[in-house]
Each structure stands twice: as C-alpha cells, then as structure tokens.
Amino acid sequence: MLLVTSPRKSGRAVQRNRFRRQVRMAFLAGLEPLAGSAWVVWVRPGRTAPPLDTITFQDIENQLRLALRRLSAPDNP
C-alpha cells in the first residue's frame, strides 16, 4: 500500500497533484523489492525539501529506491 501526502505548504494544488502522480509511478516501477511482503509506504516531502515544481521524476525515483533498499536490508544489530 502506498500513502502519499503533500501538505498545502509544499505548493499549489497542481504541483502537489503532479508530485503524487510521480511518486505513484516511481513506486510502481520499483515495486520488485517489496514482492511477497506486505508493506505500507508513506511518502511526503520533507520540511527542508525544495519546492515541488523543482523536484524531478529522477530525484523522486532515486530517493524512493534508496528508501526501498533500506527496507529490504536485513536487520543486523
């Protein structure tokens, strides 16, 4: 399950909707690491993130891939 939020402070409605669509597409493209498991992934722009209209699809894809890689890493204390 993918949850994407973008608060009003992060930009106009058009920018927020575009961000959500791009995150959804990047998530679907990189879904393989989550295969066979049940996960809830919550994505939202950070407080120090650049304006949504300057974030590229490649940036979103890279950050999501990094986060998914952290999820699938084995827990070694």
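Start by selecting Arg12, which sits in the loop between strand S1 (2–4) and H1. Helices here are DSSP runs of H or I with at least four residues, strands are runs of E with at least two, and both are numbered from the N terminus. What you have open is a predicted model, where local features need pLDDT of at least 70, side-chain atom pairs count only at pLDDT 80 or more, and totals for chains, interfaces and linings use all residues. Residues are numbered from 1 along each chain as its sequence is written, and side-chain values use heavy atoms, with hydrogens and water left out.

Is Arg12 buried or exposed? Arg12 counts as exposed because its relative accessibility is 55%, and the cut-offs are under 20% relative accessible area for buried, over 50% for exposed, and partly exposed in between (1.4 Å probe, protein chains only). Now add Leu52 to the selection: it is 40 residues from Arg12 along the chain, and their C-alpha atoms are separated by 8.9 Å.

**Into helix H1**

Next, pick Gln15, in helix H1. Gln15 is classed as buried because its relative accessible area is 14%. Setting aside neighbours within four places in sequence, Gln15 is in contact (heavy atoms within 4.5 Å) with Ser10, Leu52 and Asp53.

Then click on Arg16, also placed in helix H1. An arginine, but buried or exposed? Arg16 comes out as buried, because its relative accessibility is 14%. Show its contacts, again without neighbours within four places in sequence, and you get Ser6, Pro7, Arg8, Ser10, Gly11 and Leu52. Measure from Arg16 to Pro45 if you like: the two are 29 residues apart along the chain, with 9.9 Å between their C-alpha atoms.

Further along H1 is Arg24. Arg24 is partly exposed, as its relative accessible area is 43%. Glu61 lies 37 residues from Arg24 in sequence, and the C-alpha to C-alpha distance is 9.9 Å.

**The nonpolar core**

Now select Phe19, Val23, Ala26, Phe27, Leu34, Val41, Val43, Leu52, Ile55, Ile60, Leu64 and Leu68. These twelve residues make up the largest nonpolar core, meaning a set of buried Ala, Val, Leu, Ile, Met, Phe, Trp, Tyr and Cys residues joined through side-chain atoms within 4.5 Å. Colour by element of secondary structure and you'll see helix H1 (13–29), strand S2 (41–43) and helix H2 (57–72) each supplying at least two core residues. H1 gives the most, with four. In soluble globular proteins, nonpolar side chains tend to be buried together.

Which residues does Leu64 touch? Leaving out residues up to four places away in sequence, Leu64 touches Val23, Ala26, Phe27 and Val43.

**Two pockets**

Keep Leu64 selected and add Val43, Arg44, Ile60 and Gln63: among the 21 residues lining the largest pocket, these five lie nearest its centre. A pocket is worked out on a 1 Å grid over the protein atoms alone, as an open set of points where a 1.4 Å probe fits, with protein on both sides within 12 Å along at least five of seven lines; lining residues have an atom within 4 Å of a point. The volume of this one is about 460 Å³. H1, S2 and H2 each put at least two residues into the lining, and H2 has the largest share, eight residues.

For the second largest pocket, select Pro7, Lys9, Ser10, Arg44, Pro45, Gly46, Arg47, Ala49, Pro50, Pro51 and Leu52. Its volume is about 170 Å³.

One of these lining residues is Ala49, found in the loop between S2 and H2. Ala49 is partly exposed, given its relative accessible area of 31%. Ser10 is 39 residues away from Ala49 along the chain, with their C-alpha atoms 8.7 Å apart.

**Zoom out**

Finally, show the whole chain as a cartoon. How many helices and strands does it have? There are two helices and two strands, and along the sequence they follow the pattern β-α-β-α. Of the 77 residues, 25% are buried. Among contacts between residues at least 6 apart in sequence, 73% join residues at least 24 apart.

Key: Grid points are joined across faces, edges and corners, and a volume is the space filled by probe spheres set on the points.
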